[in-house]
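Visitor: I should like to take a close look at a single part of this structure. Please guide me through the pockets and then through a few residues.

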Amino acid sequence: MLMELPRFHLAVPVDDLDAARHFYGDLIGCAQGRSSDRWIDWNLHGHQFVTHLAPARAERVHNPVDGHDVPVPHFGLILAIPEFHELAGRFREAGTAFVIEPYLRFEGQPGEQWTMFLLDPAGNALEFKAFADDSQVFAV
């Protein structure tokens with residue numbers, strides 16, 4: 001029996017709502033919900049994701065993971081492998097610069113996963129990942 005997972009709500013700062021509208025709506029494919037001239041609600045695979053106009057940005061930190069400098073903070077989605085590769089293709093076609101190119105992380109180890117990191121137009125770091133075996137999401 002599958003348990004329905006709770007949905008999350010996340011709000012992130014952006015410095016250009018039109019750029020956010022293109023990136024999250026057109027490129028990633030999120031449906032737009034309510035909005036104002038200061039924020040936009042998005043349906044991010046059933047989660048409430050909000051871009052708020054906030055031009056000031058804090059300094060970014062990186063932590064080493066599997067030989068890569070992972071940006072912190074970051075957020076994203078765990079997708080099915082075909083969805084992951086389709087989204088990576090859309091990012092490539094759009095000329096998106098990756099912070100970490102799509103690759104298979106922890107290959108042959110617990111938690112093996114496809115992953116990619118990129119920045120949205122406001123500099124928010126996103127990670128998209130995919131597991132061949134969902135039981136490995138929390139593997140140690």
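Guide: The account below begins with the pockets and then turns to two residues. The model is predicted, so local features need pLDDT of at least 70 and side-chain atom pairs count only at pLDDT 80 or more, while totals for chains, interfaces and linings use all residues. Residues are numbered from 1 along each chain as its sequence is written, and side-chain values use heavy atoms, with hydrogens and water left out.

A pocket is an open set of points on a 1 Å grid over the protein atoms alone, where a 1.4 Å probe fits, with protein on both sides within 12 Å along at least five of seven lines; lining residues have an atom within 4 Å of a point. A volume is the space filled by probe spheres set on the points, which are joined across faces, edges and corners.

The largest pocket holds about 540 Å³ of space. It is lined by 14 residues, of which Leu-5, Phe-8, His-47, Leu-77 and Ile-78 are the closest to its centre. Strand E7 (residues 74–79) gives the most to this lining, with 4 residues; strands are DSSP runs of at least two residues, numbered from the N terminus. By class, the lining of the largest pocket has 8 nonpolar, 4 polar and 2 charged residues. Here Ala, Val, Leu, Ile, Met, Phe, Trp, Tyr, Cys and Pro count as nonpolar, Asp, Glu, Lys and Arg as charged, and the others, Gly among them, as polar.

The second largest pocket holds about 220 Å³. Of its 15 lining residues, Arg-57, Arg-60, Pro-73, Asn-124 and Ala-125 are the closest to its centre. The largest share of this lining, 4 residues, comes from E1.

Lys-129 lies in strand E10 (residues 125–130). Lys-129 counts as buried because its relative accessible area is 18%, and buried means under 20% with a 1.4 Å probe, protein chains only. Its contacts (heavy atoms within 4.5 Å), not counting residues up to four places away in sequence, include Leu-77 and Ile-78. Leu-77 and Ile-78 are also among the residues closest to the centre of the largest pocket. The side chains of Lys-129 and Gln-113 are joined by a polar contact of 3.1 Å, that is, a pair of N or O atoms within 3.5 Å, one able to donate a hydrogen and the other to accept it; residues adjacent in sequence count only if both atoms are side-chain atoms.

Thr-51 belongs to strand E4 (residues 47–53). Thr-51 is buried, because its relative accessibility is 0%. Its side chain makes a polar contact of 3.1 Å with the side chain of Trp-42.

Methods. Buried means under 20% relative accessible area, exposed over 50%, partly exposed in between (1.4 Å probe, protein chains only).
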